[in-house]
Amino acid sequence: MAFHGVSLGYDLGMPKTLAAGLNEDDLILKNLNFELPAGSFHFLTGPSGSGKTSLLKMIYLAQKPTTGVIELFGETIRPHDRAQTAGLRRRLGIIFQDFRLLEHLNVFDNAALPLFVHGAHFHEYHDDVTELLNWVGLKNRLDAMPNVLSGGEKQRLAIARAVVTRPTLILADEPTGNIDYAMGLRIMRLFIELNRLGATVLIATHDEGLVKASGMPVLELRQGQLFQRDVSEGVR
Ligand SMILES: Nc1ncnc2c1ncn2[C@@H]1O[C@H](COP(=O)(O)OP(=O)(O)OP(=O)(O)O)[C@@H](O)[C@H]1O
């Protein structure tokens, strides 16, 4: 995954276009050039409003950059190429800040949905989905509907659903925002394990405690620029 000269500005909720007249001060993200090597693990930090969600959205192809080019899995993203978008998205696991669970499906079916959509059969994914839900502490909630779950339980379900397909790239937006520290550490261990198995991981977070405890490198957004911060302390 790589950004080449990527900038982003918003205009009335829509990404600004060059034709609208680019003013450097209007840009949320300014001329970003960086690469996330395959198999790497990074946190993405920065003050509220610094553009973390916007940056993730561009990677998962929900937001077109104002300028520049993004490469995903070795392909240059063509924003209007729907077939390409669908193909690339299949390799992504996304944990949204607002969970995006399906209210009419129970916990098990929400977690299994990406596999079901890919044509897998219940007997093929039953054990895997159950084990994953056990890992995120939802083993006793398999039949519960999303509307009775706590914020933390919804978040853990969203995490399970995002990683159930063993995606090539995992993007998470504040994945531990609603859960306690001990469960946050457990979730981090899950991400680290998936990373060890080959997934590239990028996690936007405000949680400096978890960042330090994980000891993984940090990309920090400040005033539209991206800085690399190495975290030497911490336990893996
Ligand atoms: N669709 C949009 N239209 C206009 N402005 C937007 C839009 N989305 C985000 N913004 C603005 O872009 C800036 C960056 O927002 P973004 O949500 O990317 O930041 P963030 O770092 O993820 O913030 P937080 O940590 O609070 O979630 C903010 O000033 C926000 O108001």
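Let me start with one term: I call a residue buried if 20 or more other C-beta atoms lie within 10 Å of its own. Please keep that cut-off in mind, and also that this is a predicted model.

With that in hand, let's go to helix 3, which covers residues 107–117. Its buried residues are V107, F108, N110, A111 and A112. An α-helix has 3.6 residues a turn, so residues three or four places apart point the same way. What lies over the buried part of helix 3? The cover includes helix 4 and helix 5. Just after helix 3 comes G119, and its phi is positive, near 95°.

Now let me step back to the whole chain. How confident is the predictor? The average pLDDT is 91, and 92% of the residues score at least 70. The model as a whole has an ipTM of 0.97 and a pTM of 0.91. One reminder for when you scroll around: where pLDDT is low, the predicted coordinates should not be read in detail.

The chain has seven helices and 11 strands. Its radius of gyration is 18 Å, close to the 18 Å that the globule rule gives for 236 residues, so the chain is as compact as a globular protein of that length. If you lay the C-alpha trace along its principal axes, the spans are about 55 × 45 × 30 Å. Of the 236 residues, 33% count as buried. And if you take contacts between residues at least 6 apart in sequence, 66% of them join residues at least 24 apart.

Next, the inside. In soluble globular proteins, nonpolar side chains tend to be buried together. Here the largest nonpolar core has 54 residues, and A111, L133, A160 and I170 have the most contacts inside it. Helix 5 gives the most to this core, with six residues. You have met A111 already, as one of the buried residues of helix 3.

Let's follow I170 for a moment. Leaving out residues up to four places away in sequence, I170 touches G93, A162, V163, F191, L194, A199 and V201. G93 is worth a stop of its own. Where does G93 sit? It lies in strand 7. Is G93 buried or exposed? It has 22 C-beta neighbours inside 10 Å, so it counts as buried. Again leaving out residues up to four places away, G93 touches A162, V163, T165, P167 and I170. By contrast, A182 is far along the chain and also some way off in space: G93 and A182 are 89 residues apart in sequence and 23 Å apart, C-alpha to C-alpha.

On to the ligand. There are 11 residues around it, and Y10, S48, K52, T53 and S54 come nearest. By type, this shell divides into two nonpolar, eight polar and one charged. Which element gives the largest share? That is helix 1, residues 52–59, with three residues.

S54 belongs to helix 1. With 19 C-beta neighbours inside 10 Å, S54 counts as partly exposed, because buried starts at 20. Not counting residues up to four places away in sequence, S54 touches L8, I28, L29 and Q63. S54 and L29 are 25 residues apart along the chain, with 8.5 Å between their C-alpha atoms.

Now two loop residues for those of you who like backbone angles. Most residues other than glycine have a negative phi. F73 has a positive phi of about 50° although it is not a glycine. You will find F73 in the loop between strand 5 (67–72) and strand 6 (75–76), and it is partly exposed, with 14 other C-beta atoms within 10 Å. F99 is not a glycine either, and its phi is positive, about 65°. F99 lies in the loop between strand 7 (92–95) and helix 3, and with 18 C-beta neighbours inside 10 Å it counts as partly exposed.

My last stop is M145, in the loop between helix 4 (122–135) and helix 5 (151–163). M145 is partly exposed, with 16 other C-beta atoms within 10 Å. In sequence M145 and E103 are 42 residues apart, while in space their C-alpha atoms are 6.8 Å apart.

That's the tour. Thanks for listening!

Terms used
Residues are numbered from 1 along each chain as its sequence is written. This is a predicted model: local features need pLDDT of at least 70, side-chain atom pairs count only at pLDDT 80 or more; totals for chains, interfaces and linings use all residues. Helices (H or I, at least four residues) and strands (E, at least two) are DSSP runs, numbered from the N terminus. A residue is buried if 20 or more other C-beta atoms lie within 10 Å of its own, exposed if 12 or fewer, and partly exposed in between; C-beta atoms are placed from the backbone. A residue is near a molecule or strand if its C-beta atom, placed from the backbone, lies within 6 Å of it. Ala, Val, Leu, Ile, Met, Phe, Trp, Tyr, Cys and Pro count as nonpolar, Asp, Glu, Lys and Arg as charged, and the others, Gly among them, as polar. Two residues are in contact if their C-beta atoms, placed from the backbone, lie within 7 Å. pLDDT is the predictor's confidence in each residue, from 0 to 100. The radius of gyration is taken over C-alpha atoms; the globule rule is 2.2 Å times the number of residues to the power 0.38. A nonpolar core is a set of buried Ala, Val, Leu, Ile, Met, Phe, Trp, Tyr and Cys residues joined through C-beta atoms within 7 Å.
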